[in-house]
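Welcome, and please open the model in your viewer with the sequence panel beside it. We will go from stop to stop, selecting a few residues each time.

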Amino acid sequence: MNFEKIRKLTGGFLLVSLLLCVFSQPFQQYLHFPKQVRLLEGQQTELSKSAAAAVMASGNSAEIHAHQHTVSIKGKSAGKEEMFLELAGIPIKKTKVEVHPNIKMIPGGQSIGVKLNTLGVLIVGHHLVQTDKGKFSPGEQAGIEVGDMILELNGKKIENMSDIAPIVQQAGEKGKLLETVIKRDGQTIRKTIKPLKDKNGQSYKLGLYIRDSAAGIGTMTFIDPKTKKYGALGHVISDMDTKKPIVVEKGRIVNSVVTSIEKGKNGSPGEKLARFTEEGQIGNITKNSPFGIFGQLDPDAKDSTYAKPMPIALSDQVKTGPAKILTVVDGKKVEAYSIKIVSSIPQKFPATKGMVIKITDPELLKKTGGIVQGMSGSPIIQNGRLVGAVTHVFVNDPTSGYGVHIEWMLHEAGIYGGGRSPSAFKE
């Protein structure tokens, strides 16, 4: 037998051995064994493994026990550790184990009114000033754009619309330029504007449409029973004209009562109609982010109808199938309605559209036609856990829409680290 024949036989043997190894049950189990396991304190999970594999673990955050065909992992305390599958003493697979705090939140569901005051005043459009020499927009000529925020005029801080007219009039009468500080896409920019005299009203103008506040309604998602921090809406509030997120200077949430419902239909989302109640303000607004609005309730504010704190679920623990939402469709009464979680994407990093949901409750479909404006923020409950909030409706199918995982709203509120806050874990 010559060398070439031996080489071919050896190569064939090695190839067959490799294929048998690749398609063997132990190898397939190693291949599908997760790279990461996330648990809440007190939760337990079991993973399948080969009988030949041993398990090694480091750390004290989880109890890890290897059985003949399974590995059981139970979260003990918030922290991280690593687990290794070994075969003949050789590490084959490394799995990161994260144990998260098993916090509980009070689910919301009640209708709230939202009042936002912008940082400075917001430019929402341009207009022409009628002068003796023609029509001009001084603001547009100076390079002021829709979506800009005016923060200062001639060194004076601008907090609301009423601050602007006296400064503009004074500069115009003296024939002076206005040194203007604006904020654009996070950048501070300086511009110079020359006020023009309106020949009809004899007042000086900038040729700008401005706004300093916004108001609307939404739904409370959760309340922290310890700190009274809250989260609501599940999505950012954008200006209706500029389509840009509103930068909040001051904001308040108030009680509201749902007076009627405009039902949704294909191509036209419905809407909750509500009025602010006389009880007035119940909390502040400190943040307007892609994940909702956040702040703190006043000390005397009452908790929701569902006042018992409820455990949360991590994004990768949400399952497809039946669930409930809490919301108000009449007056102030919070009620539970059936939905189906059509899909849920396990997310390693914060994202706003983690779930697709569908309204299945006949009563809610009869009243609203599905998801309507004002329902954003309605908490989603599954298997006794707070898992997320309603955020958007599908315009062409009002029975369906998106939801955000509660993990990311809590992270945004500064309540829960979600794996990124140093205070959330003990290394």
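Which residue of E18 is the bridge partner of His126? Select Leu208: this is the residue of E18 that His126 pairs with. Keep in mind on this tour that the model is predicted.

**Stop 1: strand E9 and its partners**

Now widen the selection to residues 111-126, which make up strand E9. Twelve of its 16 residues are buried, so E9 is largely enclosed by the rest of the structure.

Add strand E18, residues 208-223, and you will see it run antiparallel to E9, with eleven bridges joining the two. Next, bring in strand E20, residues 248-262. E20 is also antiparallel to E9, and seven bridges link them. To find one of these pairs, pick Thr118, whose bridge partner in E20 is Val248.

A third strand to show is E12, residues 149-153, which is antiparallel to E9 and joined to it by two bridges. Here Val121 sits opposite Ile150 of E12.

**Stop 2: a loop residue beside E9**

Keep Val121 on screen and select Glu159. The C-alpha atoms of Glu159 and Val121 are 6.8 Å apart, although 38 residues separate them in sequence. Glu159 belongs to the loop that lies between strand E13 (156-157) and helix H4 (164-174). Is Glu159 buried, partly exposed or exposed? Its relative accessibility is 44%, so Glu159 counts as partly exposed. Beyond the residues up to four places away in sequence, Glu159 touches Thr118 and Gly120.

**Stop 3: the two sides of helix H4**

Follow the chain into H4 and colour Ile164, Ile167, Val168, Ala171 and Gly172, the buried residues of this helix. Look down the axis of H4: the buried residues fall within an arc of 130°, so they line one face. It helps to recall that an α-helix has 3.6 residues a turn, so residues three or four places apart point the same way.

Which elements cover the buried residues of H4? Among them are E9, E12 and E18, all visited already, together with E13, strand E14 (178-184) and strand E17 (204-205). Now turn to the face of H4 that points away from the buried side, where you will find the exposed residues Ala165, Pro166, Glu173 and Lys174. Just after the helix, stop at Gly175, which has a positive phi of about 70°.

**Stop 4: a three-stranded sheet**

Move on to an open sheet of three strands, ordered E2-E5-E4 with antiparallel pairing. Strand E2 (44-48) and strand E4 (62-66) are its edges, each pairing on one side only. On average, neighbouring strands here are turned by 15° against each other, ignoring direction. For a closer look, show E4 with strand E5, residues 70-75: five bridges connect this antiparallel pair. One place to zoom in is Glu63, which has Lys74 as its bridge partner in E5.

**Stop 5: the largest nonpolar core**

For the last stop, select Met105, Phe222, Leu386, Ile406, Met409 and Leu410. Within the largest nonpolar core, which has 23 residues, these touch the most other members. Strand E30 (385-394) and helix H6 (406-413) each contribute at least two residues to this core, and H6 gives the largest share, five residues.

Finish by centring on Ile406. What is Ile406 in contact with, leaving aside neighbours within four places in sequence? Its contacts are Thr221, Phe222, Ile312, Ala313, Leu386, Val387 and Gly388.

Note on methods: Residues are numbered from 1 along each chain as its sequence is written. This is a predicted model: local features need pLDDT of at least 70, side-chain atom pairs count only at pLDDT 80 or more; totals for chains, interfaces and linings use all residues. Side-chain values use heavy atoms; hydrogens and water are left out. Buried means under 20% relative accessible area, exposed over 50%, partly exposed in between (1.4 Å probe, protein chains only). Helices (H or I, at least four residues) and strands (E, at least two) are DSSP runs, numbered from the N terminus. Two strands pair if DSSP finds at least two bridges between them. Contact means heavy atoms within 4.5 Å. The arc is that of the directions from the helix axis to the C-beta atoms. Axes are lines fitted to C-alpha atoms, for helices over the stretch in contact, and angles run from 0 to 180 degrees between N-to-C directions. A nonpolar core is a set of buried Ala, Val, Leu, Ile, Met, Phe, Trp, Tyr and Cys residues joined through side-chain atoms within 4.5 Å.
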